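Please walk through this structure with me, one selection at a time. At each stop I would like to know what to select and what is there.

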Amino acid sequence: IVPASCVPFLQGGGVVDYGNIAAEDLNQTSYTVLEKKELVFNINCRSHTKVGLKAQDGKGFSQVAGILAATIGADYTDNYNYGLGATADGENIGGYAVNLKPGSFNASGTPVKVITSLDKGTSWIETATGAVGQNDNLGSWSRTVGLIVPVSFITLSGVMEVQAVINKASELTINNDVPLDGLATFELSYL
């Protein structure tokens with residue numbers, strides 16, 4: 001007996017490339033907000049399955065506390081902040097948000113809305129931003145009308161957005177190239 005299984009796909013292997021950013025383009029006294037980048041995100045399942053999306057920050061040690069709330073919006077607490085790594089001198093580079101872009105998702109050909117759980121899937125609420133949080137948070141998808149509960153599907157397609165914010169240039173030593181080195185791991189949770 002084989003349980004239902006699903007395979008996620010992120011365009012480009014999930015790599016987001018901001019290219020070269022000139023040090024002089026960074027703001028000295030406030031955070032520098034970079035443009036949103038979009039990745040095609042799909043999930044393909046063997047049969048109709050309900051799933052949630054969990055996230056873990058592999059560079060959490062490098063978060064700049066409060067950077068997203070100060071720039072993107074107050075709802076982006078540090079639970080939604082993923083670290084961008086550190087300079088050679090150990091200075092935290094910045095943070096980034098990951099969103100499941102609202103209005104972009106279809107489940108088995110039918111439009112669905114992004115929902116979130118703050119308690120590991122016990123209860124669900126609508127999300128205006130589609131922000132993917134960590135810890136007890138789960139993202140999922142629901143019908144556009146009716147109860148706010150995860151919907152089962154065979155195929156899901158939509159867009160994942162990433163928006164990075166760089167620390168104040170005055171807080172960073174930039175004598176050599178400094179890579180933006182975030183690392184988020186996404187896991188499907190079968191509901």
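Two strands pair if DSSP finds at least two bridges between them. Strands (E, at least two residues) and helices (H or I, at least four) are DSSP runs, numbered from the N terminus. This is a predicted model, in which local features need pLDDT of at least 70 and side-chain atom pairs count only at pLDDT 80 or more, while totals for chains, interfaces and linings use all residues. Residues are numbered from 1 along each chain as its sequence is written, and side-chain values use heavy atoms, with hydrogens and water left out.

**Stop 1: strand β10.** Select residues 153-166, which make up strand β10. Of its 14 residues, 11 are buried (under 20% relative accessible area with a 1.4 Å probe, protein chains only; over 50% is exposed, in between is partly exposed). Strand β10 is therefore largely enclosed by the rest of the structure.

**Stop 2: the partners of β10.** Add β5, residues 94-100. Seven bridges join β5 to β10, and the two run antiparallel. Within this pairing, G95 stands opposite V165 in β10. Next add β2, residues 32-49. It is joined to β10 by 12 bridges, again antiparallel. Look here for K37, whose bridge partner in β10 is V162. Last, add β6, residues 106-107. Two bridges join β6 to β10, in antiparallel fashion, and N106 has S157 as its bridge partner in β10.

**Stop 3: charges over rings.** Keep K37 selected and show Y18. The charged end of K37 sits over the ring of Y18, 5.3 Å from its centre. For this term, NZ of Lys or CZ of Arg must be within 6 Å of the ring centre and within 35 degrees of the ring normal. Now select K168 and Y31: the charged end of K168 sits over the ring of Y31, 5.4 Å from its centre.

**Stop 4: aromatic pairs.** Rings of Phe, Tyr and Trp (its six-membered ring) pair if their centres lie within 6.5 Å; planes under 30 degrees apart count as stacked, over 60 as edge-to-face and the rest as tilted. By this rule the count comes to six aromatic pairs. Select F41 and F105: their ring centres are 6.4 Å apart and their planes are at 80°, so the pair is edge-to-face. This pair links distant parts of the chain, 64 residues apart, with F41 in strand β2 and F105 in the loop between β5 and β6. Both F41 and F105 are buried. Add W141 and F153 to see one aromatic cluster, formed by F41, F105, W141 and F153.
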